[in-house]
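Please open the structure in a viewer and keep the selection tool at hand. The stops below indicate what to select next and what is to be found there.

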Amino acid sequence: MRRLKTAIGLVLTAVMLFPVYWMINVSFTRDQDMRKSPPNWFPVDGTLDGYRTVLDQQLPYLGVSLVVGLGTVALTLVLAAPAAYSLAKLRPRGGAALSFVLLVAQMIPGIIMAMGFYAIFLSTGVLNTVPGLIVADSTLAVPFAVLILTTFMSGIPEELLQAARTDGAGVVRTFVSIVLPVSRNSIITVSLFAFLWAWSDFIFASTLDQGGDHQPITLGIYHYIGNNNQEWNAIMATAVIASIPATILLVVAQRYVAAGVTAGAVKD
């Protein structure tokens, strides 16, 4: 029975990962072999032309996505960490209502938020700018980050914070010197999700930065497909390169994410 379950798991995993493999396979396939029947299941006589084309044309888009992703992470942590600490330990009046509002905020469709941001950004002059895109992407990450960090910080022993106060630490010093280091796993978790949301965002990018001089990789792929719908090796190479940063982050941070997501779920 155990071997059967393992075999079923391997088959299901292979089915789910097959589109990724096919994307990589096509990225190395020559143009003349693209419509071959039956297709090559392996990149026989493979070529790097698609990757050369991508590196010549898509690097600016990748750079913008990196700036937007890191900016979103920074803004999310600056807003979410103090808010979570306040809700978890300082317990301000109306904290429960605020937590409910943050939960509801995650249910608002992205396209509705994009239309609202469009009107605001148009009147404030930040439409088609990278800072505007960072602010918009942060609205997706901040509610999630506050809820995750609040759950973890609620589990920090009061004795630890009381010891810091006894030593003369104020609220800010306790937050910076005690709470943030202890919350490392949850901070890495929300940082990873914030970066991935910003990196893969298309709705905000296509609505708020369609005419900008600096556009993220999602728009780069979108424009590339429209302009080169016959060069599938270059299109797939673009998708492969765009997937590499997210894959590396997931591999490096997976143990922190597992600890951060489950943090606070069980109390002693």
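## A tour by selection

Begin with Glu 158, which is partly exposed at a relative accessible area of 34%. The model is a predicted one.

**First stop: the salt bridges.** With Glu 158 selected, add Lys 89: the two form a salt bridge whose closest N and O atoms are 3.2 Å apart. Glu 158 belongs to helix H7 (residues 158-166) and Lys 89 to helix H3, so this pair ties together parts that are 69 residues apart in sequence. Is Lys 89 buried or exposed? Its relative accessibility is 10%, and Lys 89 therefore counts as buried.

The search of the whole structure finds 2 salt bridges. Select Arg 52 and Asp 49 next; they form a salt bridge in which the closest N and O atoms are 2.8 Å apart. These residues are 3 residues apart in helix H2, and about one helical turn separates them. Arg 52 is partly exposed, at 47% relative accessibility, and Asp 49 is partly exposed as well, with a relative accessible area of 42%.

**Second stop: the largest nonpolar core.** Select Val 146, Leu 149, Met 153, Ile 156, Phe 175, Val 179 and Val 190; of the 21 residues in the largest nonpolar core, these touch the most other members. Two or more residues of this core come from each of helix H3 (59-90), helix H6 (130-154), helix H8 (171-182) and helix H9 (184-200). Which helix gives the largest share? That helix is H6, with 8 residues.

Now centre the view on Met 153. Neighbours within four places in sequence set aside, Met 153 is in contact with Ala 81, Ala 84, Tyr 85, Ala 88, Lys 89, Phe 175, Val 179 and Ser 183. Lys 89, the salt-bridge partner of Glu 158, is thus met again among the contacts of Met 153. Apart from the largest core lies another, of 20 residues, including Tyr 51, Ala 141, Ala 194 and Ala 237.

**Third stop: the aromatic pairs.** The structure as a whole holds 13 aromatic pairs. Select Phe 18 and Trp 41, a tilted pair with 6.1 Å from centre to centre and 50° between the planes. Phe 18 lies in helix H1 (residues 2-27), while Trp 41 lies in the loop between H1 and helix H2 (49-57), so the pair ties together parts that are 23 residues apart in sequence. Phe 18 is partly exposed at 37% relative accessibility, and Trp 41 is partly exposed with a relative accessible area of 49%.

Move on to Tyr 85 and Phe 175, both contacts of Met 153. Their ring centres are 5.2 Å apart and their planes stand at 35°, so this pair is tilted. Tyr 85 lies in helix H3 and Phe 175 in helix H8, so the pair ties together parts that are 90 residues apart in sequence. Both Tyr 85 and Phe 175 are buried.

Return to Phe 18 and extend the selection to Tyr 21, Trp 22 and Trp 41: these four residues form one aromatic cluster.

**Last stop: a nonpolar surface patch.** Select Leu 98, Phe 100, Val 101, Leu 103, Val 104 and Met 107, which make a nonpolar surface patch of about 570 Å². Phe 100 is found in helix H4 (residues 95-105). Its relative accessible area is 55%, and Phe 100 is therefore exposed.

Conventions. Residues numbered from 1 in each chain as written. Predicted model: local features only at pLDDT ≥ 70, side-chain atom pairs only at ≥ 80, totals over all residues. Heavy atoms only, no water. Core = buried A, V, L, I, M, F, W, Y, C linked by side-chain atoms within 4.5 Å. Buried < 20%, exposed > 50% of the residue type's maximum accessible area, 1.4 Å probe, protein only. Helix = DSSP H or I, 4+ residues; strand = E, 2+ residues; numbered from the N terminus. Contact = heavy atoms within 4.5 Å. Patch = residues over 30% accessible without salt bridge, like charges linked within 9 Å, V, L, I, M, F, W, Y side chains within 5 Å. Areas by Shrake-Rupley, 256 points an atom, 1.4 Å probe, with all protein chains shown as cover. Salt bridge = Lys/Arg side-chain N within 4 Å of Asp/Glu carboxyl O. Phe/Tyr/Trp six-rings, centres within 6.5 Å; stacked < 30°, edge-to-face > 60°.
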